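The following exercises are to be worked through with the sequence and the structure at hand. Each task is followed by a solution in steps.

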Amino acid sequence: MPIKVHPLIPNPPFSKKEFDYRTENVRKEMKGKGLDAILLYAPENIFYLTGFQTTGYFTYQTLVVPVDSPPFLVVRRIEEMNVKTTSIVNDYTLYVDAQDPIEMTVKALEERGLANGSVGVEMDSWFLTVAQFQRLQTLLGGRTFVDCTGMVEKFRIIKSPAELQYMKKAAEIAEKSMAAAIEAAELGKTEDDVAAAAHFAAITNGSTYLASPPQLTTGTKTGDSHQWWEGGRIECGNPVFLELGACVKRYHAAMMRAGFVGPPTNEFRRMGEACKQGFEAGLSAMKPGAKAGDVYRAVAKELGNAGFGEHVRGRAARTGYSIGIAFPPGWDEGDIISLRDGDPTTLQPGMTFHLISSIRIPGRISAGCSETVVVREDGAESLMKFDRGIFIN
C-alpha cells in the first residue's frame with residue numbers, strides 16, 4: 001500500500017492577531033532604543049513571538065525581528081517542517097550542517113538590508129555561544145551590538161487570557177500527576193514506581209515533555225535540592241518529597257507536596273504545617289501593587305515563627321518565581337522575576353508564579369507546599385485545588 005501523505009496544516013498555539021500584538025510591543029521598545037533589528041536566541045522568546053518550537057534548539061537558531069518588516073528565522077534545514085507547522089513565520093533562511101550558520105545569519109541580514117543598521121543581540125542567552133558571538137562581530141565588521149536581553153521578557157511577564165487557559169489545563173494535569181504519585185508512594189514500592197505513576201498520569205492526561213524533570217525522592221535524600229528518583233525503596237519511617245509539573249503548549253504549571261510512610265514524626269508534622277501556613281501567607285500577600293519581596297517576607301515570617309527560619313535563609317533565598325513558557329533545562333522564569341527578599345518588582349494582574357513554601361534540612365529531611373498561582377485584580381488565585389497538608393501512607 002502507498003504511504004498516506006497528510007496535508008501540511010499549520011497549527012500555531014495562538015492566533016496571528018495575538019502574535020502580531022506581541023511583536024508590535026517589542027518593536028515599540030526597539031524604536032525607543034534606536035534599533036533596526038534584534039537577534040533572539042532564547043527558545044522561549046522565539047516561541048512567544050512566533051509559535052516556533054523544536055527540541056533541536058541545541059543547534060544554532062535565531063529569530064530576527066526587524067523594526068519595520070516581518071520577523072524571519074535562521075534555522076537548520078531539518079527544522080523547515082517545524083517552521084511551517086508550528087509557527088506563523090513565512091520568511092526563513094536554512095542552513096545545512098556543512099555550512100557556517102553565522103555566515104548564513106549575516107547573509108540573511110545583508111539580503112534584507114539590515115547588516116549596516118543598529119542591531120540588538122540577546123547577550124545573556126544560553127543558546128548563543130561566546131564563539132558564535134565573536135564570529136558574528138567579526139563578520140559584521142567588528143561592530144558593537146546593543147544588548148537586548150529582557151526586551152521580550154518584559155512582555156512575557158503578563159499572561160494573556162489565552163496563555164492562562166493553557167496554564168489552567170497544565171495545572172489540572174499536574175494535580176492528577178501528583179495524586180497518582182502519592183498513591184504509588186507506598187511501603188515496599190520504589191522511587192521508580194512513583195516516578196512512573198507520575199509520568200503516566202501526566203502524559204495520558206495531555207502533558208507534553210517537561211522543561212525540568214520532576215523531583216521524586218525518599219528518605220534522607222529528600223533533604224537535598226534538585227534530586228531525582230534512582231530506585232530507592234520506600235521503607236516505614238521514610239519521608240517522601242514530590243515536586244511535579246505538567247506542560248501544555250510549552251506552558252507549565254508546577255506543584256510540591258511532602259508526605260510520610262508510616263506514622264510521621266512530630267518534627268515532620270510541624271514542618272508540614274509550617275509549609276502550609278507559609279504558602280497561604282504568601283498567597284495572601286500576593287496582590288497588585290505589592291512587591292515581590294513582600295511575598296518572600298510573608299512566607300519566611302511564617303516559617304521563622306514555626307522555628308525553621310534558618311532553613312529558609314540557607315536555601316536559595318527565594319520563595320518562588322515567575323512561570324509560563326519553558327524549554328529544558330528549566331521550567332521557571334526566575335530570570336524575569338523571583339520572589340526574593342528586597343526585590344522591588346511590583347506585582348500586576350496576569351503575572352503567574354510558582355509560589356513555594358518549603359523547609360529543607362540537607363542530608364536529612366524536607367517538607368514543602370507549592371502551587372502555580374495567578375495575580376488577579378483583587379488578589380491572587382491558585383490554579384490548583386489540591387489538599388495542602390502532608391500526606392500519610
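**Exercise 1. The surroundings of Phe47**

Determine where Phe47 lies, which residues it touches, and whether it is buried or exposed in this predicted model.

Solution.
Step 1. Not counting residues up to four places away in sequence, Phe47 touches Pro13, Phe19, Phe52, Gln53, Lys249, Arg250, Tyr251, Ile325 and Phe327.
Step 2. One of these partners, Phe19, is 28 residues away from Phe47 along the chain, and the C-alpha atoms of the two are separated by 9.8 Å.
Step 3. Phe47 belongs to helix α2, which comprises residues 43–50.
Step 4. The relative accessible area of Phe47 is 0%. Buried means under 20%, so Phe47 is buried.

**Exercise 2. Backbone features in loops**

Identify the loops that hold Lys249, His226 and Pro329, and state what is notable about the backbone at each residue.

Solution.
Step 1. Lys249, one of the residues that Phe47 touches, lies in the loop between β8 and β9. Its phi is near 55°, a positive value in a residue other than glycine. With a relative accessible area of 33%, Lys249 is partly exposed.
Step 2. His226 is located in the loop between β7 (215–218) and β8. His226 is not a glycine either, yet its phi is positive, at about 55°. Its relative accessibility is 63%, and His226 therefore counts as exposed.
Step 3. Pro329 is in the loop between β10 (318–322) and β11 (338–340). The peptide bond that joins Pro328 and Pro329 is cis, with omega at about 25°.

**Exercise 3. Helices α7 and α8**

Describe how α7 and α8 pack, and then examine Ser177 as one residue of their contact.

Solution.
Step 1. Two packed helices are described by the angle between their axes and the distance between the axes. For α7 and α8 (residues 191–204), the angle is about 155° and the axes are 8 Å apart.
Step 2. Angles over 145 degrees count as roughly antiparallel, and α7 and α8 are therefore roughly antiparallel to each other. Their crossing is right-handed.
Step 3. On the side of α7, the contact is made by Ile173, Lys176, Ser177, Ala180, Ala181 and Ala184; on the side of α8, by Asp193, Val194, Ala197, Ala198, Ala201 and Ala202. By class, nine of the residues are nonpolar, one is polar and two are charged.
Step 4. Ser177 is part of helix α7, residues 161–184. At 2% relative accessibility, Ser177 counts as buried. Leaving aside neighbours within four places in sequence, Ser177 is in contact with Ala198, Ala201, Ala202 and Leu244.

**Exercise 4. Helices α4 and α5**

Find the orientation of α4 and α5 and list the residues of their contact.

Solution.
Step 1. The axes of α4 (residues 101–111) and α5 (residues 130–139) come within 10 Å and cross at roughly 40°.
Step 2. The two helices are therefore oblique to each other. The crossing of α4 past α5 is right-handed.
Step 3. Ile102, Glu103, Thr105 and Val106 of α4 meet Gln132, Arg135, Leu136 and Leu139 of α5. These residues divide into four nonpolar, two polar and two charged.

**Exercise 5. Helix α9 and its cover**

Check the length of α9, name its buried residues and what covers them, and describe its packing with α10.

Solution.
Step 1. Helix α9 has 20 residues, 266–285, and at 1.5 Å a residue it should span 28 Å. Its end C-alpha atoms are 29 Å apart, which agrees.
Step 2. The buried residues of α9 are Phe268, Met271, Gly272, Ala274, Cys275, Gly278, Phe279, Ala281, Gly282, Leu283 and Ala285.
Step 3. Their cover includes the strands β8 (238–248), β9 (251–261), β12 (352–361), β13 (365–376) and β14 (379–382), together with α10 (292–305).
Step 4. α9 and α10 pack at an angle of about 155°, with their axes 8 Å apart. The angle makes α9 roughly antiparallel to α10, and the crossing is right-handed.
Step 5. In this contact, α9 contributes Ala274, Cys275, Gln277, Gly278, Ala281, Gly282 and Ala285, while α10 contributes Asp294, Val295, Ala298, Val299, Glu302 and Leu303. The contact of α9 with α10 has eight nonpolar, three polar and two charged residues.

Conventions. Residues numbered from 1 in each chain as written. Predicted model: local features only at pLDDT ≥ 70, side-chain atom pairs only at ≥ 80, totals over all residues. Heavy atoms only, no water. Helix = DSSP H or I, 4+ residues; strand = E, 2+ residues; numbered from the N terminus. Expected span 1.5 Å × (residues − 1). Buried < 20%, exposed > 50% of the residue type's maximum accessible area, 1.4 Å probe, protein only. Contact = heavy atoms within 4.5 Å. Axes fitted to C-alpha atoms, helices over the stretch in contact; angles between N-to-C directions. Parallel < 35°, antiparallel > 145°, perpendicular 65-115°, else oblique. Left-handed = near helix turned anticlockwise from the far one by under 90°. Nonpolar A, V, L, I, M, F, W, Y, C, P; charged D, E, K, R; others polar.
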